[in-house]
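Here is my note on the model, set out as numbered points. Please keep the structure open as you read.

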Amino acid sequence: MNFWKSAALGLATAAVAALSVTSQAMAEKRHKIYLSMSYIGNDWQAEAANMLKAMAASKEYADKVDLKVQVAGPNAQKQIQQINAMVQAGAEAIIVYPISPTALNEAVKNACAKGVTIVAYDGVIEEPCAYNVHIDQAEWGRVTAQWLADKLGGKGNIVMITGVSGTSVDTLRNKAAREVFAKYPDIKVVAEANGMWSQAVARTELAKIVATHSWDTLNGLWMQVGCYTANSMQLEAGVADDKVLPCAGEGSNGHRVQMLPKDTQAAGANGTYKPLGAPSISASSQAYPGAYAFKIAMEVLAKKKVEKTTLLSPGAVTNDEVKLCQTGSWAEMKAGCNTFQPEIIPNPGWYASIFSPDLPQVGLNAALTGTPEE
C-alpha cells in the first residue's frame with residue numbers, strides 16, 4: 001500500500017514539475033515589448049496608448065507579449081536614456097512616440113545593432129533602421145489649409161494655433177499650411193500661438209488673441225487642436241450658432257458633433273457640446289497608429305516582411321461627411337460613422353478617429369479603457 005502511495009505521490013510531483021517547466025517555457029516565449037511615450041498632456045496621447053495596450057491584451061497577442069510602458073515627457077534626452085535602459089533590460093521591440101525626428105537617431109541605431117526592433121508612431125524617426133507608422137502630416141496641413149482658403153474665397157484674417165514644437169508632426173503641418181496660405185496674398189495670419197495639441201491650452205492662447213483681435217475682426221481659424229474650443233468660446237461670447245467662424249482642425253468628438261446639422265438629435269448633447277452646423281473640416285492623426293505600430297513590431301518579430309514606412313490617411317471629414325454613430329460598435333464604424341453620441345463620450349476633447357479596418361482587435365472600448373474587442 002505504501003508503495004502505491006509513494007508511486008502516486010511521485011507521479012503527482014512529476015506532473016507539477018512538468019507543469020511548472022511548461023509554464024516557465026511559455027513565460028519565456030513572451031516577447032518583451034516596451035512603449036516609450038513622450039508628451040502625454042492631451043486626449044490623443046491617452047487614446048493612442050490605450051489602443052496599443054488593448055492590442056497587447058487581445059486574444060491574438062495576450063499570451064505572446066510582456067508590455068511595459070515608460071513616459072519621458074517632452075524631453076528628448078530623457079527619452080534617449082529610457083530607450084538605452086530598455087535595450088539593457090532585454091527589450092525585443094520598442095514602440096516609440098518620438099519627441100524629435102533626429103534626436104533619438106544614435107540611441108535607435110545602437111538599439112537596432114543589438115537586434116531590437118524600433119517602431120515609431122505618429123511622429124517620425126529618421127534613423128533608417130527604424131520602422132515608422134504615421135499619417136501624411138504634410139497632407140494634413142495642405143488639405144485643412146486649402147479647405148479654409150476655399151471657404152474664405154481666398155481672403156480674410158485668420159489665426160493659426162500650432163502643436164508641440166520640435167515634433168515632425170507640428171513642423172510638417174505648419175510648413176504645408178503656410179505654403180497654401182502664401183498663395184493667397186489677401187489671406188492674413190494676424191495671430192499665431194502654440195496650442196500644445198490641448199483644448200485647454202488652445203483656450204488660454206485664444207483668450208489672449210481675442211483680447212486684441214475681437215471675433216468680429218477674424219474670418220477663419222486654422223487649429224491643429226482647438227476648433228471645439230474656438231466654437232465654444234464664440235458661443236460664450238454671444239456669437240450666434242450660425243455665425244461661428246470656419247475652422248480647419250482636429251478630429252475631436254466635440255468638434256465633429258458641432259459640425260453636425262443643427263437639427264441632429266444627439267443623445268447627451270449639452271452646453272456647447274451640441275450640433276451647430278459649424279463650418280469645418282476635421283482631420284486627424286487617427287488614434288490608432290500606436291496599435292498599428294504594435295502590430296508591425298509583432299510581424300517583424302515573427303520574421304514577416306514589413307515595409308519601413310506605413311503611411312495612413314488623415315481621414316479628413318467635412319460637414320457633408322460627418323456621420324453620427326448610434327452605439328459606436330466596430331461594425332457600425334466599419335459602415336461609415338465617424339462621430340459619437342455625447343452620451344457615450346462625455347469628454348468633447350476625446351478623439352473620434354479610432355477606426356481602422358486592419359485592426360479588428362480594437363474599437364471604442366479600446367480607445368476608452370484599453371479593453372480589446374471580443
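1. Start with one residue pair: isoleucine 33 sits opposite alanine 93 of S3. Strand S1 (residues 31–37) runs parallel to strand S3 (residues 93–96), and four bridges join them. Two strands pair here if DSSP finds at least two bridges between them. Helices (H or I, at least four residues) and strands (E, at least two) are DSSP runs, numbered from the N terminus.

2. A word on the source. This is a predicted model, in which local features need pLDDT of at least 70 and side-chain atom pairs count only at pLDDT 80 or more, while totals for chains, interfaces and linings use all residues. Residues are numbered from 1 along each chain as its sequence is written, and side-chain values use heavy atoms, with hydrogens and water left out.

3. Which strands make up the sheet that holds S1 and S3? Six strands form this open sheet, in the order S2-S1-S3-S4-S5-S11, with parallel pairing. Strand S2 (65–71) and strand S11 (309–312) are at the edges; each has a single partner strand, so one side of each lacks a neighbour in the sheet. From one strand to the next, the twist averages 15°.

4. Helix H2 (residues 43–57) packs on this sheet. It touches S1, S2, S3 and strand S4 (117–121), and its direction makes about 165° with that of S2. Contact means heavy atoms within 4.5 Å. Axes are lines fitted to C-alpha atoms, for helices over the stretch in contact; angles run from 0 to 180 degrees between N-to-C directions.

5. There is another open sheet to check. Its six strands follow the order S7-S6-S8-S9-S10-S12, and the pairing is mixed. S7 and strand S12 (317–318) are the edge strands, each pairing on one side only. Strand S6 (residues 155–162) pairs with S7 in the parallel sense over eight bridges. Within that pairing, glycine 156 stands opposite isoleucine 187 in S7.

6. Which helices lie across these strands? Helix H5 (residues 137–151) crosses S6, S7, strand S8 (220–223), strand S9 (247–249), S10 and S12, running at about 175° to S8. H7 lies across S6, S7 and S8, at about 125° to S7.

7. Overall figures. The protein has 12 helices and 12 strands. Its C-alpha atoms fill a box of roughly 95 × 45 × 35 Å along the principal axes. Of its 374 residues, 55% are buried. Buried means under 20% relative accessible area, exposed over 50%, and partly exposed in between (1.4 Å probe, protein chains only). Among contacts with a separation of 6 or more, 72% join residues 24 or more positions apart.

8. Is tryptophan 197 buried or exposed? Its relative accessibility is 9%, so tryptophan 197 counts as buried. This residue is in the loop between strand S7 (186–194) and helix H7 (199–210). Its phi is near 55°, a positive value in a residue other than glycine.

9. Tryptophan 197 also belongs to a cavity lining. The structure holds one cavity of 30 Å³ or more. The largest cavity has a volume of about 140 Å³. It is lined by 16 residues, and the closest to its centre are Trp44, Arg173, Trp197, Ser285 and Tyr351. A cavity is a set of points, on a 1 Å grid over the protein atoms alone, where a 1.4 Å probe fits but cannot get out; lining residues have an atom within 4 Å of a point. Grid points are joined across faces, edges and corners, and a volume is the space filled by probe spheres set on the points.

10. Glutamine 286 deserves a look too. It is in the loop between strand S10 (280–282) and helix H10 (289–301). Its phi is positive, about 65°, although it is not a glycine. Glutamine 286 is buried, at a relative accessible area of 8%. It also lines the largest pocket, along with residues including Arg256, Met333 and Phe355. That pocket holds about 190 Å³ of space. A pocket is an open set of points with protein on both sides within 12 Å along at least five of seven lines.

11. Last, proline 101. It is in the loop between S3 and helix H4 (105–113), and at 14% relative accessibility it counts as buried. Leaving out residues up to four places away in sequence, proline 101 touches Val124, Ile125, Glu126, Gly166 and Ser168.
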